[in-house]
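Please look through the sequence and the structure shown here, and then follow the explanation below, which goes from one part of the chain to the next.

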Amino acid sequence: MSYESLLIWQYKGKPKARATAQLIDHYFSDTWQGLADLPNALHIETASGKNLDLVGQHVGQSRILKGLAPRHLFGFERAPGAQGLSRTGLGGGKWYRKGDVITDSVVLDDDDFRFLIKCRIAKNHMTGTVPDITQALDFIFGGHATVYDQYDMSFTVTIRSDQITAFKRYAIQALDILPRPAGVNVKYVVLANITAFGFAGSPGAFAFNQGKFARYL
């Protein structure tokens, strides 16, 4: 029902009254729609840009990772990541001086930042039990990771290969970002999501020369 339809009969045919009612109706409709969209704007799965920055700030995770990428320094041919001399005063690598930092900060895109936010939330609320870690991994990897307790102060986490990108591999190995109890050793195993190798009798397994082998992260 619009505000225009609520006008009393004396104002039904008045253009200014109708215009005022339409303006109020439009204003409140836009305001209500904005409030209705607010949960989605700050939802981890749908938020982007500045909205995702607000989510990260709330859980204590920055979009900027310091010292992640190598700086573009001058180096000779075949040196990994090296830049050559500048041409016409443009481009080229910076000369290294003793004591200079050799890595630069990186601003993460939304997908990589969303992964770190999920990991940070899981670590902030974990209790360290296997069911709790299983629930956390389901939250992070969408149900495509499994944890196995080895009962020797260690456990193994299997993750489907289509859930692992180069950045996620780096974050898991270098940032220790996935939830785990203190003092417990963890082995991460990447499983082929299609045509995984397995022995006879294993459901969905493929034989030699057909199936892909799992490997440690």
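**From a helix to a hairpin**

In this predicted model, helix α4 (residues 130-141) is made up of 12 residues, and the distance from its first C-alpha to its last is 16 Å, close to the 16 Å expected at 1.5 Å a residue. Its buried residues are Asp132, Ile133, Ala136, Leu137, Ile140 and Phe141. These residues cover an arc of only 145° around the axis, which means that they lie on the same side of α4. The exposed residues Pro131 and Gln135, by contrast, are carried by the face of α4 that is turned away from its buried side.

What, then, covers the buried residues of α4? The covering parts include α3 (110-125), β3, β4 and α5 (166-174). Two of these, the strands β3 and β4, are taken up again below, but the chain passes another residue on the way: α4 is followed by Gly142, which has a positive phi, near 65°.

Strand β3 (residues 145-149) and β4 run antiparallel and are joined by five bridges, and in this pairing Ala145 stands opposite Ile159 of β4. The hairpin that the two strands form has four residues between the strands, and in this hairpin Tyr151 takes a positive phi near 60°.

Is strand β4 (residues 154-160) largely enclosed or largely open? Six of its seven residues are buried, where buried stands for under 20% relative accessible area, and therefore β4 is largely enclosed by the rest of the structure.

How values were computed: Residues numbered from 1 in each chain as written. Predicted model: local features only at pLDDT ≥ 70, side-chain atom pairs only at ≥ 80, totals over all residues. Heavy atoms only, no water. Buried < 20%, exposed > 50% of the residue type's maximum accessible area, 1.4 Å probe, protein only. Pairing = 2+ DSSP bridges. Expected span 1.5 Å × (residues − 1). Arc of directions from axis to C-beta. Contact = heavy atoms within 4.5 Å.
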